[in-house]
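The following exercises are to be worked with the sequence and the coordinates at hand. Each task is followed by a solution in steps.

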Amino acid sequence: MKSKKFVSLLLSGAMTAALLAVPAMAAEAPPIRVSSYKGSTLEVGERSGLMIGPGGTDYTVTSSDPEIVEVEQVTAFWVAVAKAEGSAEITVSNSAGDCGSVTITVGSTAPSAPTSGDSTGLTDNENIRQEMVRLINQTRRENGVAELPVNDALMSAAQTIAEKRYSWHHTQEECDAAAKFGYLGGFGTNLTVFTGAAREDIAQHAVDNWINSPGHFQTMIDPKGDSLGVGVAEIGSVTYCYLFIGIPNSVNPYYG
């Protein structure tokens, strides 16, 4: 069997922010976490992947009003499809009767609603990022720490930093990006840059890189984390992947 050749670079910024002395009391997590990849407000015509946890479970996903927000399954992921103005509650349940939900409000900027079954709005990049979230939470679960919900601000910050094509950490830029999108606390970060990965292998390769590096691994499974965000950028044959782990009761050194 022909083996694939990878060239990788990993960088960890696990202590971007110093922790405060007094820990926060963790709120009890809902049985099922669900959030919208593009946030809770969409325009008519938009599609947004649904981030659902814990991973490793089969879910049933329904909309309170499919004429406003329809849900459909694309490969292994669920997608919310904004059809018309209004609001709809998306409910996720499992066979044990546990439930979680998110309310999505639809505006009217975009000119037309998509037709059912049109998967072009769910980009490959979004698929890769969703798979990274799944694999990171799987790794956390396997190592005895809680899975983390997606944080919209950290997702946007991670994607912004990934697209800057950094091959080492730029602490101030990372802090600026997190604050710009609304996450004002501290965080840990992982970066990996590699070549030679097929697109379907990018998420697994990035997470494997972090698993196999002690500093990156500790950032990824940090029990103090309360949320996460990931970013992926492909420039020619080079792939840049970023991970932000939000840490409550810590300080962004540029905005603390």
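**Exercise 1: An open sheet**

Task. In this predicted model, determine how β3 is joined to strand β9, and place both strands in their sheet.

Solution.
- Step 1. Strand β9 covers residues 99-107, and 3 bridges join β3 to it; the two strands run parallel.
- Step 2. One residue opposition fixes the register: E43 stands opposite G107 in β9.
- Step 3. The sheet is open and has 4 strands in the order β3-β9-β8-β5, with mixed pairing.
- Step 4. β3 (41-43) and β5 (60-63) are the edge strands; each has a single partner strand, so one side of each lacks a neighbour in the sheet.
- Step 5. From one strand to the next, the twist averages 25°.

**Exercise 2: The partners of β12**

Task. Establish how β10 and strand β11 pair with β12.

Solution.
- Step 1. Strands of a sheet pair through backbone hydrogen bonds, in parallel or antiparallel fashion.
- Step 2. β10 and β12 run antiparallel and are joined by 11 bridges. Within this pairing, G185 stands opposite V251 in β12.
- Step 3. Strand β11 (residues 227-235) is also antiparallel to β12, with 9 bridges between them. Here S227 has G246 in β12 as its bridge partner.
- Step 4. β11 and β12 form a hairpin with 2 residues between them. In the turn, G236 has a positive phi of about 65°.
- Step 5. As to burial, β12 is mostly covered, since 10 of its 14 residues are buried.

**Exercise 3: Aromatic pairs**

Task. Find the 2 aromatic pairs of the structure and classify their geometry.

Solution.
- Step 1. A pair of aromatic rings is described by the distance of the centres and the angle of the planes.
- Step 2. The structure holds 2 such pairs. For F187 and F244, the ring centres are 5.0 Å apart and the planes stand at 40°, so this pair is tilted.
- Step 3. This pair links distant parts of the chain: F187 lies in strand β10 (residues 185-195) and F244 in strand β12 (residues 238-251), 57 residues apart.
- Step 4. Y242 and F244 form a tilted pair as well, with 6.1 Å centre to centre and 40° between the planes.
- Step 5. Ring pairs thus link F187, Y242 and F244 into a cluster.
- Step 6. F187 and F244 are both buried. Y242 is buried too, because its relative accessible area of 0% is under the 20% cut-off.

**Exercise 4: Burial and disulfides**

Task. Decide whether C99 and C241 are buried or partly exposed, and state how many disulfides are counted.

Solution.
- Step 1. With 42% relative accessibility, C99 counts as partly exposed.
- Step 2. With 0% relative accessibility, C241 counts as buried.
- Step 3. The criterion is a pair of cysteine sulfur atoms within 2.5 Å, and the count comes to 0 disulfides.
- Step 4. Helix α4 (residues 202-211) is mostly covered, with 7 of its 10 residues buried. Among them are I202, H205 and W210.

**Exercise 5: The chain as a whole**

Task. Summarise the secondary structure, burial, contacts and surface of the chain.

Solution.
- Step 1. The chain has 5 helices and 12 strands.
- Step 2. Of its 256 residues, 48% count as buried.
- Step 3. Among contacts between residues at least 6 apart in sequence, 72% join residues at least 24 apart.
- Step 4. The accessible surface comes to about 12,100 Å², and carbon and sulfur atoms account for 52% of that area.

How values were computed: Residues numbered from 1 in each chain as written. Predicted model: local features only at pLDDT ≥ 70, side-chain atom pairs only at ≥ 80, totals over all residues. Heavy atoms only, no water. Phe/Tyr/Trp six-rings, centres within 6.5 Å; stacked < 30°, edge-to-face > 60°. Buried < 20%, exposed > 50% of the residue type's maximum accessible area, 1.4 Å probe, protein only. Contact = heavy atoms within 4.5 Å. Areas by Shrake-Rupley, 256 points an atom, 1.4 Å probe, with all protein chains shown as cover. Pairing = 2+ DSSP bridges. Axes fitted to C-alpha atoms, helices over the stretch in contact; angles between N-to-C directions.
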